[in-house]
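Student: Can you walk me through this one? Keep it quick.

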Amino acid sequence: MADAATSEPAVIGPTTAPDDVLRVEHLAKRFGPVTALRDVSLHLRKGEVLGLLGDNGAGKSTLIKIICGFQKQDSGSMFLHGQPYAPKSVDDARAKGIETVYQDLALIDELSVYHNLFLRREHVHRPLPFLANAQMKRGARKALDEIGINIPRIDVAVARLSGGQRQAIAVARTVNSDADILLLDEPLAAMGAKEGAMILDLVARLKAEGRVSIIMILHNYVHVLEACDRVSMIQDGRIALDKPTVETSVEELTEIVVEEYRRARLADQGRPGGR
Amino acid sequence: MASGPTESAHPGPGTERGDSTHQRGVPPGGGPAGERGVPPAGGDGEDPTRGRGVPPGGEEDGLLARVLTLREGSIIVVTLIVAIYFALNTSSFFTTSNFKTLLPYFAPFAILGAGEVFVMVLGEIDLSIGGTYLLAPYLFYKLATSGLPLVPAVLVGLIACMAVGLVNGFFIAIVGISSFVTTLGMLFTLEGLTLIISHGEPKSTPGAEVHVTTHNVEHVVNGHHIVLPETVNHIGTFAKIFGGGVYSELIWALVIVVVLQAVLTFTRWGLYTVSVGSNKLGAAEAGVRVRLVMIRNFILCAAAGGLVGILEAVRSGTVQPDTAGANEILFLGIAAAVIGGTLLAGGSGTVVGALIGALFLGILKDGLILQGVNANYLLFYTGLAIILAMTINVYVQRVRRGARSG
C-alpha cells in the first residue's frame with residue numbers, strides 16, 4: 001500500500017510526429033500558490049482532432065489559454081509549424097491561425113449575434129471606419145446555416161438566447177475564420193443532445209475536409225472516442241496518457257481518473273496527521 | 001447711425017454662473033436678451049412652435065409606441081411631460097427668449113454627460129471631470145496671458161485634460177484601483193491644483209472681452225424724429241465660437257453628441273466599449289484590448305470636462321476657482337447620463353440619452369425659475385424631480401420591455 005501511495009503516475013514526455021502543426025514542450029504555469037501546469041508536453045498533427053481530457057482543475061483550460069495567447073507560461077516552449085511560437089496576445093495568436101472557443105464562451109451579452117460572431121474581425125466600411133453591419137449579418141447567417149444551428153434572429157442580443165444557442169455562436173465564431181488550428185474548450189457543455197450532435201457532426205466535417213487541426217476539451221468519454229483521433233489526458237498538471245482513440249476505451253480512461261483519485265486519497269491518509 | 005467703440009470692459013464680478021437671476025455673463029450681440037421675467041420684445045416675438053422639435057406624446061399612438069421602443073424612449077416621454085407641464089403653467093415657457101435662457105442650463109451637461117456615457121458604459125465612473133472642468137480654463141488663462149494665441153491655448157488646455165484622463169486610465173486599467181476612488185482623488189487633486197495656481201482669485205477670460213459700441217438710433221414718436229443713443233455689446237469671433245455666442249454651446253453639444261453617438265453605435269471603438277462594459281473577461285478573451293479601450297474612454301471623458309470648463313469660462317467671461325460649483329456641475333453631468341438611460345453597471349448607454357437627460361435637467365431648472373420658485377427651494381425640487389423622473393423612467397422601461405418581447 002505504501003508502494004502505491006508513493007509511486008508517481010506515468011508521465012508522458014514530449015512526443016512528436018513529422019506532420020505536427022503544433023508542439024508544446026514542458027509547459028509550466030503557477031497562479032500564486034496554485035500550480036496549474038507542472039510539465040505538459042503534447043503535439044497536434046495536421047488535420048487531427050486531439051481530445052484533451054482531465055478532471056476539473058487538472059489544467060486543461062490553462063493549457064488552452066496559453067496556446068491561444070491569453071496567458072503566458074512560466075516556463076516551457078511552443079512550436080507552430082516547426083517555428084518557435086510565443087504569442088504576444090490573443091490577436092497575435094489569431095493572426096497566426098489559432099482560434100479559440102473558451103469555456104465561458106467569451107460572448108458579449110449586450111451585443112447582437114452577428115456582432116459577437118465578428119468580434120475582433122469586424123467588417124468596416126472605408127474610408128470612414130463605420131461597421132459594415134449588413135455585410136456582417138449576411139456572413140453571420142451563412143456561418144450559422146453552415147453549422148446547422150437554428151437561430152431565428154441574428155440581430156438580437158445574445159443575452160436573449162439559450163445556453164446551447166450561445167455555445168453554437170461561440171463555435172461558429174471560431175469555425176467562421178481562416179484559422180487552421182481550433183481550440184475548443186468544452187464546446188458541448190451547455191448543449192442538448194441534438195445541438196451536441198450537430199457540433200460533433202461539424203467537427204467530423206471539418207476533419208474530413210482536412211484543413212484544420214483541432215484540440216477539443218471534452219468530459220464525455222463516449223464523445224471523445226467518437227469524435228477524436230487521439231487523446232491526451234492531463235492529471236495534476238502533467239500528461240498521464242497519450243494514445244490514439246482506437247487503442248483506448250471508456251473503461252481505460254475512466255480507470256486512469258479513478259486510480260488517480262485513489263492514489264491521491266491514499267497519499268493524504270499516508271501523510272502524518274492527514275491533511 | 002453713427003457708431004464707434006466707446007469702451008471695452010470685462011463683465012463685472014456679479015456674473016458668476018449658476019446664479020438664479022439668469023443673467024448671461026456675456027450678453028449676446030444684438031441686445032440685452034435673456035433677461036428673466038421681461039416679456040419678449042416685439043421683434044423677438046413669441047414663437048409657438050419653439051421647443052416642439054418632438055411632438056407632444058399621445059399625438060399619435062403609433063409614434064408613441066415607436067418612441068417607447070427606443071432606449072431613450074422613457075426619458076423622452078418624461079421630458080415632454082415636464083415641458084408640457086411648464087408650458088401650461090407658465091406663459092413664457094415656449095418663447096424664443098426662454099429657449100435662449102435654457103441653453104446654458106443644458107448644453108454643458110449634455111457635453112459632460114456624453115463623455116461620461118463612454119466611461120459609464122464601461123461600468124466605470126469619472127468624477128474628475130469636475131477637476132478638468134475647473135483646471136482647463138485656468139490653464140487656458142495662463143497660456144493665453146503668457147502669449148500663446150487663443151486657439152492653441154485652448155488646445156493645449158484640452159491636451160492637458162487628456163493627459164489627466166490618461167493618468168486616470170493608467171491607475172484604473174493597469175494599477176487596478178477602482179474608478180470611483182481614482183477619479184475622486186483626481187477631482188480633489190485638480191481642484192486643489194487650480195486653487196494653488198489661481199491663488200483662489202477669479203480672472204477675466206482671455207478672448208471673452210465685451211466691446212461696447214454706441215449707436216444712434218432714430219425713433220419716430222408722434223411724427224417727431226428723435227435720435228437716441230443705444231449701446232450694443234460685441235464679443236470677438238473666438239468668444240462667439242467658444243461658448244460666448246448664443247448658440248455656441250448648443251452647437252458644440254449637438255455636434256459632440258451626434259459624433260459620439262455615431263462612434264458608440266457604428267464603430268469598433270463603440271463596440272469594444274460595450275464589450276468591455278458587458279463582459280470584461282470575455283472581451284479580453286476575444287482579443288479586445290481592454291486596457292486600451294478603458295484608457296481611451298477616460299481620456300475622452302476628461303477632455304469633455306475640460307472643454308465644458310473653457311466654454312463656460314468664455315460664456316461667463318470669468319475664470320472662477322469655484323470648487324463647489326464645479327462639483328455641482330460634475331454631478332449634473334453624471335445625472336444627465338444616468339437620467340438618459342445609461343446604466344451605472346455598464347454595458348449599456350446612449351449619448352443621445354445624455355443630451356435628453358441634460359435637457360430634462362435644464363427644463364426643470366428653467367421651468368421652476370419661471371414659476372417663481374424661491375431660489376432656496378430650487379435644488380430641493382430638482383432632487384425630488386430627478387427621483388420622480390427616474391421612477392417613471394423605470395416603469396416606462398418595463399412597458400417598453402413588455403412591448404418588445406410581446
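Tutor: Here are some notes on the domains of one chain, one residue in it, and the other chain.
Tutor: This is a predicted model: local features need pLDDT of at least 70, side-chain atom pairs count only at pLDDT 80 or more, and totals for chains, interfaces and linings use all residues. Residues are numbered from 1 along each chain as its sequence is written, with chains lettered from A and ligands numbered from 1 in the order in which they are written.

Student: How is chain A divided?
Tutor: Into domain 1 (2-97 + 179-270) and domain 2 (103-177). The bounds come from an automatic or database domain assignment. Their centres, over C-alpha atoms, are 27 Å apart.

Student: How many residues does the contact take from each domain of chain A?
Tutor: 16 from domain 1 and 14 from domain 2. Contact means C-beta atoms, placed from the backbone, within 7 Å.

Student: Which element gives the most on the domain 1 side?
Tutor: α7(A), with four residues. Helices are DSSP runs of H or I, at least four residues, and strands are runs of E, at least two, numbered from the N terminus.

Student: Is Leu206(A) buried or exposed?
Tutor: Partly exposed, because it has 17 C-beta neighbours inside 10 Å. Buried needs 20 or more other C-beta atoms within 10 Å, exposed 12 or fewer, partly exposed lies in between, and C-beta atoms are placed from the backbone. Leu206(A) sits in helix α7 of chain A.

Student: What does Leu206(A) touch?
Tutor: Val212(A) and Ile214(A), leaving out residues up to four places away in sequence.

Student: Switching chains. What is the secondary structure of chain B?
Tutor: 14 helices and five strands. Of its 406 residues, 47% are buried.

Technical notes
Two residues are in contact if their C-beta atoms, placed from the backbone, lie within 7 Å.
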